[in-house]
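Colleague: I am new to this structure and would love a close look at one part of it. Could you take me through the aromatic rings, and then the charged pairs for contrast?

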Amino acid sequence: MDEILLKKIEVLINSSDVFLFMKGTPQDPQCGFSSKVVDILHQLGVTFSSFDVFSDEEIRQGVKEYAHWPTYPQLYLHGQLIGGCDLVVEMSESGELKELLKKI
């Protein structure tokens, strides 16, 4: 991955304590998995920033490589990858996500 793309991705991830790479926007998710993660974050009352991976193919492919995670959505907390939809759902159901988010 080139240095410029790496920097762009890191700037996005670090622009907010909670950051979501997703398909679509929080107001208009373009896949069920992205919608589910947005719903969970809203239910927990979390303020987050997001990036629509459909808006930039270079970032879309680059984030997969950066995170070593092949799918979207991808949720980051304090710059660290939490996971995709399945992990976020699991962590939400167990209460672990709520505990992590309290530290923001």
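Modeller: Gladly; here is a walk through the aromatic rings, followed by the salt bridges. Please keep in mind that this is a predicted model, where local features need pLDDT of at least 70, side-chain atom pairs count only at pLDDT 80 or more, and totals for chains, interfaces and linings use all residues. Residues are numbered from 1 along each chain as its sequence is written, and side-chain values use heavy atoms, with hydrogens and water left out.

Let us start with the rings. A search of the whole structure gives three aromatic pairs; rings of Phe, Tyr and Trp (its six-membered ring) pair if their centres lie within 6.5 Å, and planes under 30 degrees apart count as stacked, over 60 as edge-to-face and the rest as tilted. One of them joins F21 and F51, edge-to-face, at 6.1 Å centre to centre with 70° between the planes. F21 belongs to strand 1 (residues 18-22) and F51 to strand 4 (residues 49-52), so this pair ties together parts 30 residues apart in sequence. Helices (H or I, at least four residues) and strands (E, at least two) are DSSP runs, numbered from the N terminus.

F21 also pairs with Y76: the ring centres are 5.8 Å apart and the planes lie at 80°, so this pair is edge-to-face. Because F21 sits in strand 1 and Y76 in strand 5 (residues 74-77), the pair ties together parts that are 55 residues apart in sequence. F21 and F51 are both buried, and Y76 is buried as well; buried means under 20% relative accessible area, exposed over 50% and partly exposed in between (1.4 Å probe, protein chains only). Ring pairs link F19, F21, F51 and Y76 into a cluster.

Now for the charges. There are three salt bridges, each a side-chain nitrogen of Lys or Arg within 4 Å of a carboxyl oxygen of Asp or Glu. K8 and E58 form one of them, at 3.5 Å from N to O. That pair links distant parts of the chain, with K8 in helix 1 (residues 3-13) and E58 in helix 3 (residues 57-67), 50 residues apart. K8 is partly exposed at 37%, and E58 is partly exposed at 39%.

R60 and E57 meet in a salt bridge at 4.0 Å, N to O; they are three residues apart in helix 3, so about one helical turn separates them. K102 bridges to E99, with the closest N and O atoms 3.1 Å apart. K102 counts as exposed at 55%, while E99 is partly exposed at 43%.
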